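Student: Hey, got a minute to walk through a model with me? I'd like to go over the sheets, a helix pair, the ligand and a few odd residues.

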Amino acid sequence: MFLKQLSVSNFKNYESQKIEFDAQIISLTGKNGMGKTNLLDAIYYLSFTRSAINASDQQNIRYGEPFFFTKGVISRDGKAHKLQCTYEVSSGKTFLVDNKPLEKLSLHIGEFPVVMLSPNDTDLVREWSELRRKFFDGLLCQIDRDYLNCLIRYNHYLKQRNALLKAGSRDRLPDTHLLDQYDQELLNNGKLLWSKRKEFLKSFSPVFLERYQELAGKETVFIRYITDYDKKDPETGLKESRQKDILMQRTTFGVHRDDFEFLLGKNALKKSGSQGQQKSFVIALRLAQFEIVKMNKGFKPILLLDDIFDKLDDARISHLTSMISNRYFGQIFITDARPERTSTLVGHLDEKVQIFNVENGVVVPQPA
Ligand SMILES: Nc1ncnc2c1ncn2[C@@H]1O[C@H](COP(=O)(O)OP(=O)(O)O)[C@@H](O)[C@H]1O
Ligand SMILES: [Mg+2]
C-alpha cells in the first residue's frame, strides 16, 4: 500500500495543503507544535475514519471553521483509490471511496490498513483495561469483519441495557422482559467475542514474543486474557449479577470488562517492568500488529512512526532502522523534531527518501 497524495483542508492547524509522495520513506521534520502529528492523523483518518488522538470529529476542525476534509490517493494491488473524509459541523461525517459515499463507516475498517506507533502507546501499559481492549479490538476489527459486526452489536445492546437500568428506580424496576432480551443478545454476541479474542491471542502471542525478543533479548513476555466468562459460565454470571446491576444501574458482568494482562516472566509489566522494558513491550505490540495485518491482507500496511526516536535508546533505534533497511516495512512516515537525526538514520539507506519541513501547518519539501 502506498500513499501517493494527501490533501487536507481546515484540518487542525492546516488551512489547505496538498502533498505528493513518491518515496517509501517520508520524513517530516519541524519544531514541536508545528503540525507533524496532525499530518499523520490526517493519514490515520483515511484508514480508520476517525482521529488517532481526538475522540470527537469536531475537535479536528481548524478553530472557527465550519468543516474539514482529509483526502488521499492510495495505491493498493496496483490500483489507485481516492479516499476522502469530510466532517461538517452542520451535516456530520461523510466518507467517499472512489467518489462513492460509504453507507457504513465500519465497512471501511481494515480496507486500507495503517499502523501507528506513537509516544502515547506507553499508556497501554499504565492505564486502564479499556485501552488494552481497544488495542486488541482495533486489531481484530481490521482483520475480521464478523468480529467487527459482533462488537458493534454487543456495544449496541450494552448501551440499551445500561440505559434501561439507568431509567429504573427504587419503586420502578426495569422491565424484566426487555432485560431478558438484552441479556440474550449480550450473551450471543459476547460469547463470539470471547472465543475470537481467545483464539486470536494464540496466534498473536508467538509473533509478539518474537518481536519483543528481537528488541530486548531473551526475556519471556506474556499476554494473559482476563475475562468474566472464564470465571463463571456466561449465562449464570449475567443472571446472578442482575440484582447488582439494577442497584448499580449498569452492567457489571461481561466481555466489555475484559482485560489483557501484560506479564514479564511471572510479574506484571506495569509494576516490575523498567521503562525500557515497557517501551519494548509496546513497540513489539505494534510491530506484531503490523505483522498480523500484513499476513492477513497479503500486503504491507502504511507505517506511521510518530516521534519515536525521541523516546528510544540507541539499541532499539538501530533495531528499527535495520528493519527499515531490510525492507521489512512498506511505506513509512517518520516525524522527528530533530532533522539531523532522521537524516543520519535514513542517509545510509538505499531507499528513496523524501524530506518535508513542517512549519505552522505548512509543509515544505526539502532537498533530500
Ligand atoms: N482544531 C484545531 N485547530 C487549529 N489548530 C489546532 C487544532 N487542533 C490542534 N491544533 C494545533 O496543532 C498544533 C499541534 O500540532 P502537532 O501536529 O501535534 O505538532 P507536532 O509537530 O509537535 O507533532 C498545536 O499548535 C495546536 O494548537
Ligand atoms: Mg507530535
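Tutor: Sure, here is a tour in questions and answers. This is a predicted model, so to say: local features need pLDDT of at least 70, side-chain atom pairs count only at pLDDT 80 or more, and totals for chains, interfaces and linings use all residues. Residues are numbered from 1 along each chain as its sequence is written, and chains are lettered from A and ligands numbered from 1 in the order in which they are written.

Student: OK, sheets. What is the strand order in the sheet that holds S8, and is the pairing parallel, antiparallel or mixed?

Tutor: That one is an open sheet of 6 strands, ordered S8-S12-S13-S3-S14-S15, with mixed pairing. Strands here are DSSP runs of E with at least two residues, helices are runs of H or I with at least four, and both are numbered from the N terminus. Two strands pair if DSSP finds at least two bridges between them.

Student: Which strands stand at the edges?

Tutor: Strand S8 (114-117) and strand S15 (362-366); each has a single partner strand, so one side of each lacks a neighbour in the sheet. Direction ignored, neighbouring strands of this sheet are turned by 20° against each other on average.

Student: How many bridges join S8 to S12?

Tutor: There are 4, and S8 and strand S12 (residues 302-306) run parallel. Val114 has Ile302 in S12 as its bridge partner.

Student: And which helix packs on the sheet there?

Tutor: Helix H10 (residues 275-297) does, touching S8 and S12, and its direction makes about 170° with that of S8. Angles like that run from 0 to 180 degrees between N-to-C directions, with axes being lines fitted to C-alpha atoms, for helices over the stretch in contact.

Student: Next sheet. What order do S9, S10 and S11 take?

Tutor: They form an open sheet in the order S9-S10-S11, with antiparallel pairing. Strand S9 (221-226) and strand S11 (267-268) are the edge strands, each pairing on one side only. S9 and S10 are joined by 6 bridges, and Val221 stands opposite Leu264 in S10. Between strand S10 (residues 259-264) and S11 there are 2 bridges: Leu264 partners Asn267, and Leu263 partners Ala268.

Student: What happens in the S10 and S11 hairpin?

Tutor: It has 2 residues between the strands, and Gly265 takes a positive phi near 60°.

Student: Which side chains of S10 are buried?

Tutor: Phe260, Phe262 and Leu264 point to one face and are buried, while Asp259, Glu261 and Leu263 point to the other and are not. Buried means 20 or more other C-beta atoms within 10 Å of the residue's own, exposed means 12 or fewer, and partly exposed is in between, with C-beta atoms placed from the backbone.

Student: Switching to helices: at what angle do H4 and H5 cross?

Tutor: Roughly 150°, with the axes of helix H4 (residues 145-167) and helix H5 (residues 176-216) coming within 9 Å. The residues of this contact divide into 13 nonpolar, 3 polar and 4 charged. In that scheme Ala, Val, Leu, Ile, Met, Phe, Trp, Tyr, Cys and Pro count as nonpolar, Asp, Glu, Lys and Arg as charged, and the others, Gly among them, as polar.

Student: Lys196 is in H5, right? What does Lys196 contact?

Tutor: Lys196 lies in helix H5. Leaving aside neighbours within four places in sequence, Lys196 is in contact (C-beta atoms, placed from the backbone, within 7 Å) with Leu140, Asp144 and Tyr147. Lys196 counts as partly exposed because 17 C-beta neighbours lie inside 10 Å.

Student: What surrounds ligand 1?

Tutor: There are 16 residues around ligand 1, and Lys12, Asn13, Lys36, Thr37 and Asn38 come nearest; a residue is near if its C-beta atom, placed from the backbone, lies within 6 Å of the molecule. The shell has 4 nonpolar, 9 polar and 3 charged residues. Helix H1 (residues 36-48) gives the largest share, 3 residues.

Student: Last thing: where is Asn99?

Tutor: Asn99 lies in the loop between strand S6 (92-97) and strand S7 (100-101), with a positive phi near 70°. Most residues other than glycine have a negative phi. Asn99 is exposed, with 7 other C-beta atoms within 10 Å.

Note on methods. Two residues are in contact if their C-beta atoms, placed from the backbone, lie within 7 Å.
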